[in-house]
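I opened this entry to look up the sheet, the helix packing and the ligand shell. My notes follow in that order.

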Amino acid sequence: MPLMSASPASSPEAPGLTGRTAVVTGAAGGIGRACSLRLAAAGARVRAVDMDAEGLADLVAFAEGTVEAYALDLTDLDAAERAAEGADILVNNAGIQLVRPIEDFPPEVFSRVLTVMLEAPFRLVRGALPGMYERGWGRIVNISSVHGLIASPYKSAYVAAKHGLEGLSKVAALEGAPHGVTSNCVSPGYVRTPLVERQITDQAAAHGISPERVVSEVLLADAAVKRLVEPEEVAEAVAYLCGPHSSFITGASLSMDGGWTAH
Ligand SMILES: NC(=O)c1ccc[n+]([C@@H]2O[C@H](COP(=O)([O-])OP(=O)(O)OC[C@H]3O[C@@H](n4cnc5c(N)ncnc54)[C@H](O)[C@@H]3O)[C@@H](O)[C@H]2O)c1
């Protein structure tokens with residue numbers, strides 16, 4: 001038996017994502033929008049799922065016909081499962097955050113965070129897998145976080161949901177492997193999205209320091225690289241995990257945290 005054989009990665013005619021259907025949740029803004037545009041640029045038909053119909057309309061207009069809007073509140077779990085039917089690529093990205101000590105954390109918000117960020121991804125994976133198995137190919141990318149790997153105080157629901165998502169992603173990797181389906185997480189530190197920009201402005205006012213100092217001394221206190229990650233950098237990692245050179249990468253979590261978890 002030869003020790004070396006041709007691999008998909010070495011094939012010069014390795015295809016892009018033409019003909020693939022990608023479902024991206026939380027697509028109306030930030031990281032989800034960047035992922036939608038990047039996957040569309042690689043040739044995928046993108047189904048952009050979000051509850052923000054206005055943001056979706058803006059994305060669709062910007063994408064000039066390569067992205068289709070699918071307005072949906074992911075807390076409707078049956079509808080979430082249906083939204084993923086026919087997906088070759090699933091990017092579980094939608095997320096919400098509340099920063100509050102555990103003793104003050106409203107239980108109904110904890111439940112909502114877990115529903116949107118863990119139960120909905122489970123239902124979307126559940127909706128996507130039968131078709132992926134039928135076609136013998138699938139890519140699941142879960143947008144986790146540095147908080148899928150380590151904790152910070154006051155983020156109980158978010159940290160619990162992201163740790164759960166890392167686990168779900170690994171199980172999908174093990175079950176999907178015989179069917180040509182990979183499942184991975186991308187785990188960024190702070191990304192320059194409207195959400196984080198607002199946090200910087202608020203913290204600058206609260207601490208009476210400049211926005212630059214909020215970024216380097218507060219948000220990035222534990223990161224070695226003192227800048228925010230751009231949404232397009234996260235989208236590039238997602239596209240790589242869906243591309244022809246990554247079929248051996250599964251069950252992994254790709255940290256993009258400027259060295260935060262290297263401590
Ligand atoms: N921004 C960061 O610093 C950062 C860092 C690490 C991980 N992440 C993760 O990246 C993902 C995207 O974050 P972002 O910063 O782009 O946030 P964002 O707020 O800009 O985008 C999140 C999107 O999710 C949508 N959404 C929220 N709840 C929904 C629901 N119930 N149904 C449908 N859509 C819903 C929102 O409408 C929004 O468009 C999240 O999972 C977040 O946890 C973000």
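In what order do the strands of the open sheet run? I note first that the model is predicted. I read the order as β3-β2-β1-β4-β5-β6-β7, 7 strands with parallel pairing. β3 (67-71) and β7 (253-256) stand at the edges. Each has a single partner strand, so one side of each has no neighbour in the sheet. From one strand to the next, the twist averages 15°.

Next I looked up one strand pair. β1 (residues 21-25) and β2 (residues 45-50) pair in the parallel sense over 5 bridges. I found that V23 has R47 in β2 as its bridge partner.

Then I checked helices on the sheet. α2 (residues 53-63) lies across β2 and β3, at about 170° to β3. α5 (residues 156-176) touches β5 (138-143), β6 (181-188) and β7. The direction of α5 makes about 160° with that of β6.

I turned to α6 and α7 (residues 211-219). Their axes are 8 Å apart, at an angle of about 95°. That makes α6 roughly perpendicular to α7. The contact has 6 nonpolar, 3 polar and no charged residues. On the α6 side I listed I200, T201, Q203, A204 and H207; they meet P211, V214, V215 and V218 in α7.

Last, which residues come nearest to the ligand? I found G26, G30, L74, G95 and T193, out of 27 around the ligand. α1 (30-41) and α6 (194-207) are the elements that give two or more residues to this shell. By class, I noted 14 nonpolar, 10 polar and 3 charged residues in the shell. Domain 1 (18-189 + 230-253) and domain 2 (192-228) each supply at least three residues to the shell.

Definitions and conventions:
Residues are numbered from 1 along each chain as its sequence is written. This is a predicted model: local features need pLDDT of at least 70, side-chain atom pairs count only at pLDDT 80 or more; totals for chains, interfaces and linings use all residues. A residue is near a molecule or strand if its C-beta atom, placed from the backbone, lies within 6 Å of it. Helices (H or I, at least four residues) and strands (E, at least two) are DSSP runs, numbered from the N terminus. Ala, Val, Leu, Ile, Met, Phe, Trp, Tyr, Cys and Pro count as nonpolar, Asp, Glu, Lys and Arg as charged, and the others, Gly among them, as polar. Domain bounds come from an automatic or database domain assignment. Axes are lines fitted to C-alpha atoms, for helices over the stretch in contact, and angles run from 0 to 180 degrees between N-to-C directions. Angles under 35 degrees count as roughly parallel, over 145 as roughly antiparallel, 65 to 115 as roughly perpendicular and the rest as oblique. Two residues are in contact if their C-beta atoms, placed from the backbone, lie within 7 Å. Two strands pair if DSSP finds at least two bridges between them.
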